[in-house]
Amino acid sequence: MTMLRFIGIFILNTIGILVIGCTEPKDPDEPVTAYIPAEISDKVYVTTFPRCNYNDAGDLDEFSTKSLVLNFQAETFSGNLSGEFHCPSEDLGKVFRIKIDPLYELNAKVVTGKEYFYYTFPPESLLEKTSNIERFYADSSQEMLVIDGMPNQTSPLQLIFAKYPNEKLGPFHNYYDLYTILDKDFLLQYKIRIMNDDYNQRFNLSGYDTQFAQAFKDVIAADGNILKHPEIIQGFVDNNERVINFFKDHRQIMTQAKFDEINNLKK
């Protein structure tokens, strides 16, 4: 082997070692903290989850964002009675994206609570209501419920669901889009998946109860009179309270002044 060739191989091996060292994967269980400043108050929502739950944490240990996207398994917020969650993996089933956004002024007015859910729906879209539930026409394929004041409910809840044209069912009828308010100034968007026996057996899952979502699907598919079944809607409310408590366990609230102080210390 010539000296020139030996030097070339040495250089290539050294570069390979450096590249491997630089691209070594981050620990998926490493905690990462995100700061989300509110837009209608001086609050800052601070949440800490393992790196594997962040949609794009990159190499940052701490970061500020206007809209936080997290990755969780479909079952994490779907009748999860145990409160366990795992790093996203196709081996455990479908992965859902969860969003946390600050509420913002609507028409130059601060709107909070369930009224925040009304701004895209004109009054004539209201189809029916009870004391705690309002049902709206969303579009040709979807309807919406605004739920507030149910037993044990601490935060208003918006539920968007697909209608059943010509009584045809599809996979998208196994999912429901939920929106709720966190700490009065932030909006949480998540999904519920119906955890039926086939899905649970396919991914060897247990400890999840989404009978309320299955019952909701059955009523909508039959006649759509879901407001006659508040006990079914209560299932979504109880599940939402578990979701809210889950995020409370992983967050703290600080003032904008404290947040600015932290930022100044980093500079």
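Author: A pocket, on a 1 Å grid over the protein atoms alone, is an open set of points where a 1.4 Å probe fits, with protein on both sides within 12 Å along at least five of seven lines; its lining residues have an atom within 4 Å of a point. This is a predicted model, in which local features need pLDDT of at least 70 and side-chain atom pairs pLDDT 80 or more, while totals for chains, interfaces and linings use all residues. Residues are numbered from 1 along each chain as its sequence is written, and side-chain values use heavy atoms, without hydrogens and water.

Reader: Which residues line the largest pocket?

Author: The lining consists of Thr112, Gly113, Thr154, Ser155, Pro156, Ile181, Leu182, Asp183, Lys184, Ile244 and Lys248. Two elements, β10 (175–182) and α4, give two or more residues each. The volume, the space filled by probe spheres set on the points, is about 200 Å³.

Reader: How do the residues of that lining divide into nonpolar, polar and charged?

Author: Into 4 nonpolar, 4 polar and 3 charged. Asp, Glu, Lys and Arg count as charged, and Gly is among the polar ones, so Asp183, Lys184 and Lys248 in the lining are charged.

Reader: What lies around the centre of the second largest pocket?

Author: Of its 13 lining residues, Tyr116, Tyr119, Gln158, Tyr179 and Leu187 are the closest to the centre. The volume is about 170 Å³, and β5 (95–102) and β9 (157–162) each supply at least two lining residues. This lining divides into 10 nonpolar, 2 polar and 1 charged.

Reader: Why are β9 and β10 called paired?

Author: Two strands pair if DSSP finds at least two bridges between them; β9 and β10 are joined by 4 and run antiparallel, so they qualify. Gln158 stands opposite Tyr179 in β10.

Reader: What makes β4 (68–73) and β6 (126–129) edge strands?

Author: Each has a single partner strand, so one side of each has no neighbour in the sheet. The sheet is open, with 8 strands in the order β4-β5-β11-β10-β9-β8-β7-β6 and antiparallel pairing. From one strand to the next the twist averages 20°.

Reader: Which strands does α4 touch?

Author: α4 packs on β4, β5, β7 (133–137), β8, β9, β10 and β11, where touching means heavy atoms within 4.5 Å. Its direction makes about 125° with that of β11.

Reader: How do you know which helix has the lowest and which the highest confidence?

Author: By mean pLDDT, the predictor's confidence on a scale from 0 to 100. Helix α1 (residues 3–22) has the lowest mean among the elements, 48, and α4 (residues 230–248) the highest, 97. The chain averages 84. Over residues 15–21 the pLDDT is below 50, and this stretch has 0 contacts beyond near neighbours in sequence. Where pLDDT is low, the predicted coordinates should not be read in detail.

Conventions:
Axes fitted to C-alpha atoms, helices over the stretch in contact; angles between N-to-C directions.
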